[in-house]
Each structure stands twice: as structure tokens, then as C-alpha cells.
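Reader: I would like to go through this model with you and ask, for each term used, what justifies it.

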Amino acid sequence: MSEVQCSHCGKENPPDLEICQHCQSPLVAPQQPEELADVPPEGPLSELTGIIPIESAVNEITIPKPYSVKVRVSESQRANVRLLENLTKEGVRPPSRERAPGVTIQQALRILTAMALILAISWGIIFDTPSFQLPSADARISEFSEHIITLPESAPVLLAFEYEPGFSSELEPSMTIILDQLLSRGAYPVLVSTTPTGVVQGQRAIGLLNQKAGRVYEAPSDYINLGYIPGGATGLNSFNAGIRSTFPLEANGNQVWALPPLQNVNSLSDFNLVIVFTDSTETARSWIEQVGTDLQDTPLLMVASAQAEPLINPYYNSDPRQVDGLIAGLAGGAAYETYTGGMEVSRPLWGAFNMSVVVAAGLILFGGLVSVIGAAYKSESNGPSGH
Amino acid sequence: MIGIIKRYILVGTAIIAGMVILLGYFIKLPAIDSARTILLNWAIILAAVALIIGLVNLLVVHSRKIIDKKSGNVYSVILLVSFTITLLVGLISGPTSQGSLWIFNNVQVPIETSLLGILAVVLILGAVRLLYRQPTSFSLIFMIAALVILLGTVSVPWINVSWLSSARSWITRVPVVAGARGILMGVVLGTVATGLRVLIGADRPYED
């Protein structure tokens, strides 16, 4: 179809528009001849084509609508309209880049950075680095440990595995020590998760402990894995409202609540301790808000990734406390290891972690300086106007 | 007429369900508690069903890509094969069996950890390029904060300066929490407003 000319500004417009895209005035499309070629439904000329339907044509003759009001549109609004039209018409196409042959500077930098980090981590793992002292424990860690060592025998303890597999190496050192403390004191861990991988994550943690401690802890005599709670915060709310109705069976379909350590557990406040292992602030918040408020005297402890620490810390510092103990990141795990004198699980990673962090900081510092000099040189070579 | 009745039923159901859950937080009555528990159990069943529907949709999309021979369909084949193997192992021997653990330990954990490793490299380069692209005072502050956080975490003897650790602690406890709390307050206010709109029937997302 042909373009439609605007009667107001005279510019061409696509045929499907009702408003001029240049001046926003209403467009009047030229009448198509086919519209007049209606077939009269009745009368002497019925079923004849190619005639002008007089009656309907006469009826349609009306006073033209007064299109006197011009839409007031600013230049920026017109630009937005044009942008929206372009987006909806053509879609968004990523700019095509012609790749230069060989390795580009960016690729070389990425490879060099990766190699520097790999070298630092390897150095830390291969060579024993006792000079990297494990950090000392603070009040959050000592209180965490206090809650565990005061547990009675066969005490049911709820453990929530709420982290993605990528964060395993950060959280597993502290988790292994905590599990060892719990199981060696005869506590009965009950594993749950609101993430689909959490069910396997908990099982992996028990497997790691068995491997490192040289013991054989088995379900359901030593612990139980309830499985996955779907629905995120809603699922947690449901779990809190009715623990037995949410989990009538455990992850592999066996009966749970007849087991001796769980016979008296009817709500979450019947557990002696709740420990959440998480890499996310959102999940931590869900546990504090949906579960923590109904726990009564049962302490809620958190083992969090370093990235989640800043937002969980205020819950520990609040009065009354909403989180009763906090271990954060690999540094927190290492401090917990120092404090409890438990298995050496953080020590082998601590050297590599330190080396890689120092190398990363060095790269950022050096690269930042080079960038500042490069930016200054660029602006100088572009002239005083900066163009 | 049917449309109006349908609308009244939908709005009534949403308002009653929302009110029962909300009242359960404030009033401890056995009847409300029971109703709340039933509704929440329905919600998590629906969430689990949504997960299954998501999986079916994933399978359909990738099956179509293979049938239509679209570009990159080899990845769809890999996805379908991996999915089938994992599903069969989980169904036959259970989600916590040795087979499921083997797949988890040898496939999922290394892949996700590697992705985080790549992220570390990309973030380092991003920090370096930031000062080149935008050499402003805010970029400089960002860079200094990143360095303090990194170096304040470690305990390397020759850079174990006490003020670094204190500065790291201050950054994570004051500016970071202040900024994040501000965002959270905005989220909370938005959530309350949206919840109230749904509760009074002004917002009806379930009608779409």
C-alpha cells in the first residue's frame, strides 16, 4: 500500500498509522474503491456487484468530525514515540561487530587475569602457607558455638540448605565442622531446603563429613533428609504453619514422624536449634520473617556467604536478636575452626583464598592506575575541548 | 452475566484467601489456623505443579528446536539427554541416592563453581575498565571501596594492617547496609501497596 500524506505538514507516513508520526495530527486515509463496491442485501439490485449502494452512501454522509485540536507533544515525546515505533517495528538488533583476526587486547587481558588467578590459587594449594594465619573469632562466632555445645543428646536440629552449588567451597568448611559437632554430640539433624538442589546439597554435606571424619553417619538412624519445600517464602510459611502436614514423608518416601527423636516435634519451635546455610539475603530474610518470628526460645543461627553478610548482620545486632549467631564466608568458617579447634577444613583453602584475593587486588590497583593514565593521555591527545 | 459472576467469584476467592492468611498472623484461632494451613498447602502444591509445567515447557521448546533444526540445536540435544538421564536416576534410585550425588558432585558443582570463577575474572576486568571509561570521583570511590573490602578480608602478613580490617567492617556495616535498607524499604512499601490493592480487589492480576 502507498504512503499516506499528512494534510497538516505534508510529510509521508506509513499507511497503517492513524496519527502523523511527524506532527501528530490525525491522518485521513484515502478511501479505497473496494469500500464502495458493496453488494446490496435486498431490493431490486440485490446480488448485483459493481454498483454504488445509494442508500448506505447517503446515510454515511455526515458532517465531518472537527479535528481542530492538535495534540500537544514536546520534542522529547516525539522522539520517544519514534523510538517506540522503531522498537516495535523492527525489534532490537544487537550491533554487529566485525571481529579482528587473532587475539584482541580484551581477550589477552582476560586470559592473563585468569592465569594470574589460577597461578595464585595453585600456589596457595600446592605450597603449605602457614604464614596466612586463620582469623580470630568474634562474638557472633563464639555465641554460635555456645548454642551447639549446650545441646542435649538426641536433640532435633533443623538444618536448611539454601545455597547454590557454586557456593559450596565457601560454605562447606564451616558446615562440615558444625555437622561434626552436632553428630558427635548425638544431636539429630533434620535436613530441608527451599531450593531444588538443596536436597542433594544436604546429602553431599553428610558425605563430605563421612569422608573427612572417617565415620559412617546414615539416615534415618543418625539424621533425616525431609527434602524440598516448593513455593519459596509461601512454602516456608506453610512449613511453619504445619510441619507434619507439609512433610508427611521424607525425601525418599519413608515415614518420618514415628522416629524416636522426632516423636515430640509438632512445630518448628519444638526443634532445639534451627541453622540456615545460605548464599542469599532473600532466603535469609524469608527464614527470619516466616519462621524466626514463631520460634519462641529456639535459637535461629545463620551460616551465610560473604555476599549476604552485610544484610544479615543487622538482624544479629537487633534487640531482641532475630539471628542468634552468624558465621559469614570462608573467613568466618576459618575463624570458627580456630575457635572450636575442630577438623582442619578451612586451613587448606585459606592460603589459596588469601593469595587469590591479594592478586585480584593487585590487578585492580595496577590496572586502575594504567587506566587513569590512559584516560588522561586520551583526553590530552583529543585536545583541550575534549573532543 | 457469566463474566460478571466469574469476576465476583475470582475477586471474592482472592480477597478471602488473602484475609485468612493475613488474619492468621494477628489472631490465634484454631479455625483460622486450619484454614490458613490448608490454603498454604494448596499454594505449595500449585508451586510444585508450576515447576513441573516449567519443565514440560522447557522440554517442548527444546524438542521443537531439534525438530525444526534451528541453529544451536545441538545444545538442545545435550539438554534433553542430560535431563532424561538425571530424571531417570532420580526416579529409579531416589533424589539422595549415590547416582544423583555422582551427577551433582561431578557435573553441577564444577560447572556452577567455574561460572563463579569466570565471574571473578570479568569483575576484575570490569573494575579496571571502569576508570578508563568513566574516570570520575565515584568510580574512584568504588575502586577504593573494592580494594579495602578485598584486602580487609585477608590476613596476609605483610599487608595485615588493622585499619584495613576496621575500614572493611565499617563499609559493610554502615554504607552498604544503609543503601540496601533504603532499597528494601522501597520494596516493602511497594509490596504493602500491591498487597492492599489485591486485598481490596483494586488489582486483579488473576484475571489476565
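Reader: Which element gives the largest share of the lining of the second largest pocket?

Author: In this predicted model, the largest share of that lining comes from H3(B), with 12 residues. Helix H3 (73-93) of chain B is joined there by H2 and H4 of chain B, and by helix H6 (198-213) and strand S5 (224-228) of chain A, each giving two or more residues.

Reader: What makes the lining of the second largest pocket mostly a matter of one residue class, and which residues are closest to its centre?

Author: The lining divides into 30 nonpolar, 11 polar and 3 charged residues. Of the 44 lining residues, A:Pro196, A:Thr197, B:Leu55, B:Thr86 and B:Leu87 are the closest to the centre, and the volume of this pocket is about 1600 Å³.

Reader: How do you know how much area chain B and chain A bury between them, and which residues of chain B supply more of it than any other three?

Author: The value is the accessible area that the two parts lose on being put together, summed over both, and for chain B and chain A it comes to about 4800 Å², 70% of it on carbon and sulfur atoms. B:Thr96, B:Ile124 and B:Tyr132 supply 12% of the area that chain B buries against chain A, which is more than any other three residues supply.

Reader: How many residues are in contact on each side, and which helix of chain B gives the largest share?

Author: Contact is found between 49 residues of chain B and 63 residues of chain A. On the side of chain B that touches chain A, H4(B) provides the largest share, 17 residues, and by class that side has 32 nonpolar, 11 polar and 6 charged residues.

Reader: Why is the pair B:Arg168 and A:Glu309 called a salt bridge?

Author: The rule asks for a side-chain nitrogen of Lys or Arg within 4 Å of a carboxyl oxygen of Asp or Glu; the closest N and O atoms of B:Arg168 and A:Glu309 are 3.9 Å apart, so the pair satisfies that cut-off. Across the interface of chain B and chain A the rule finds 1 salt bridge.

Reader: What makes the pair A:Arg140 and A:Glu309 a link between parts apart in sequence?

Author: A:Arg140 also forms a salt bridge with A:Glu309, with the closest N and O atoms 3.1 Å apart. Because A:Arg140 lies in helix H4 (residues 139-149) of chain A and A:Glu309 in helix H10 (residues 309-317) of chain A, the pair ties together parts that are 169 residues apart in sequence.

Definitions and conventions
Residues are numbered from 1 along each chain as its sequence is written. Chains are lettered from A and ligands numbered from 1 in the order in which they are written. This is a predicted model: local features need pLDDT of at least 70, side-chain atom pairs count only at pLDDT 80 or more; totals for chains, interfaces and linings use all residues. Side-chain values use heavy atoms; hydrogens and water are left out. Contact means heavy atoms within 4.5 Å. Buried area is the accessible area (1.4 Å probe) that two parts lose on being put together, summed over both. Helices (H or I, at least four residues) and strands (E, at least two) are DSSP runs, numbered from the N terminus. Ala, Val, Leu, Ile, Met, Phe, Trp, Tyr, Cys and Pro count as nonpolar, Asp, Glu, Lys and Arg as charged, and the others, Gly among them, as polar. On a 1 Å grid over the protein atoms alone, a cavity is a set of points where a 1.4 Å probe fits but cannot get out, and a pocket is an open set with protein on both sides within 12 Å along at least five of seven lines; lining residues have an atom within 4 Å of a point. Grid points are joined across faces, edges and corners, and a volume is the space filled by probe spheres set on the points.
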